[in-house]
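This report looks at how selected secondary-structure elements are arranged in a predicted model. The structure is shown here, and the packing of two helices and the build of a sheet are then taken in turn.

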Amino acid sequence: MIFRILEDQLAQKSRDAKAADFRFMQLALALGRRGLGRTWPNPAVGAVIVKDGVIVGRGWTHPGGRPHAEVEALGRAGPAARGATLYVTLEPCSHFGRSPPCADAVVAAGLARVVSAIEDPNPEVAGQGHARLRTAGIAVDVGLCAAEAARDHAGHFRRVRDGRPHVILKLALSADDKIGAAGNRPVAISGEAARTRVHLLRAQSDAILVGIGTVLADDPLLTCRLPGMASRSPVRVVLDRALRTPGDSRLVHSARETPLWVMTSDTAEAPAAVKLGAAGAQVIRVASAAALPGLDLPAVLHTLAEKGITRLMVEGGARVASSFVAAGLADEIWLLRGPESVGADGVPALDALPLAAITQSPSFRLRASETLGKDSLDIYERA
């Protein structure tokens, strides 16, 4: 009987410990998300240091990628870090970059245990950070909340593994699957709650991309317009093969406040590029697509990744959206659907492609559904 009681007590203690680990890792993930859209080219990592059940330090990667989350948390913990547990959403780095290895800082601080959500695929790390901690006598547990961490770090993972950003395609659809009125005229589809969610997604993206057709039709600003978050606006990217971006557009007028990158053909005329450059835009030349009217999308994405972009939000029109879907370059797709219909003469969501290329494709699976006021949001991810 006594042994049974002891077994039950030990089992309960184990459950309590696992619950605490989960709770602290969830906090680390939430802290890391604060940096989404601001830390590129570095991943947005979160870290929490706990001693005797009390949080003694916390941190997240700061804008521009420094300081790293672990160093920030260690700085806040101070001497209390000795003998404590670190919860971190990505393997601590083990190489010298723009700052010393975080793994060395963790060892020097005297931590007793590290709970790491997932291994870093960066070849300069790739398990070496965890190995260095274990060699120093630190207990290391890997894999808690790994699926969430992989989603949060999808931009970093995609850039390291595939040499391109993680692409999030956003489409605002009417009840009858249109994105615009006849003649490509813009039409209000989403309500306030949905628009707020879109602007939050902008703030969590490194860059936002549209085609020249959207620029000419809508004259968009493409900034984050949530109160107090103007500084979180992403880099604006325009696909403009022939450099038709108007000099009096809102994008160009704001180019010195919020970066504007115009991706154009390697054969585009130089005078137009000079004018845009003089206005503050950065003109970037890439290859044109073979036998197609647009730019080569893999080349565009590779160039953006080389410039440090990890999370790219695509908010272009039907042609741009269909191009990303057809090329297999959309990793997440956000379908916002409003309650009103546009009519049979409206602009189809994916140009010549049916919407079923997303909703009924084995390439995508529905990850989440939400209600936003009178609108709905379905998030699909690559299967």
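## Helix contact

In this predicted model, Glu-70, Val-71 and Leu-74 of helix 2 are in contact with Cys-102, Ala-105, Val-106 and Ala-109 of helix 3. By residue class, this contact of helix 2 with helix 3 comprises 6 nonpolar residues, 1 charged residue and no polar ones.

## Helix geometry

Two packed helices are described by the angle between their axes together with the distance between those axes. For helix 2, which covers residues 69-77, and helix 3, which covers residues 102-109, the axes come within 9 Å and cross at roughly 25 degrees. Because angles under 35 degrees count as roughly parallel, helix 2 is roughly parallel to helix 3. The crossing in which helix 2 passes helix 3 is left-handed.

## Sheet

The model also contains an open sheet formed by 9 strands, whose order is 11-10-9-8-12-6-13-16-15 and whose pairing is mixed. At the edges lie strand 11 (282-286) and strand 15 (364-372), each of which pairs on one side only. From one strand to the next, the twist of the sheet averages 25 degrees.

Within this order, strand 8 (residues 207-211) and strand 9 (residues 235-239) run parallel and are joined by 5 bridges. In this pairing, Gly-211 stands opposite Leu-239, a residue of strand 9.

How values were computed. Residues numbered from 1 in each chain as written. Predicted model: local features only at pLDDT ≥ 70, side-chain atom pairs only at ≥ 80, totals over all residues. Heavy atoms only, no water. Axes fitted to C-alpha atoms, helices over the stretch in contact; angles between N-to-C directions. Helix = DSSP H or I, 4+ residues; strand = E, 2+ residues; numbered from the N terminus. Parallel < 35°, antiparallel > 145°, perpendicular 65-115°, else oblique. Left-handed = near helix turned anticlockwise from the far one by under 90°. Contact = heavy atoms within 4.5 Å. Nonpolar A, V, L, I, M, F, W, Y, C, P; charged D, E, K, R; others polar. Pairing = 2+ DSSP bridges.
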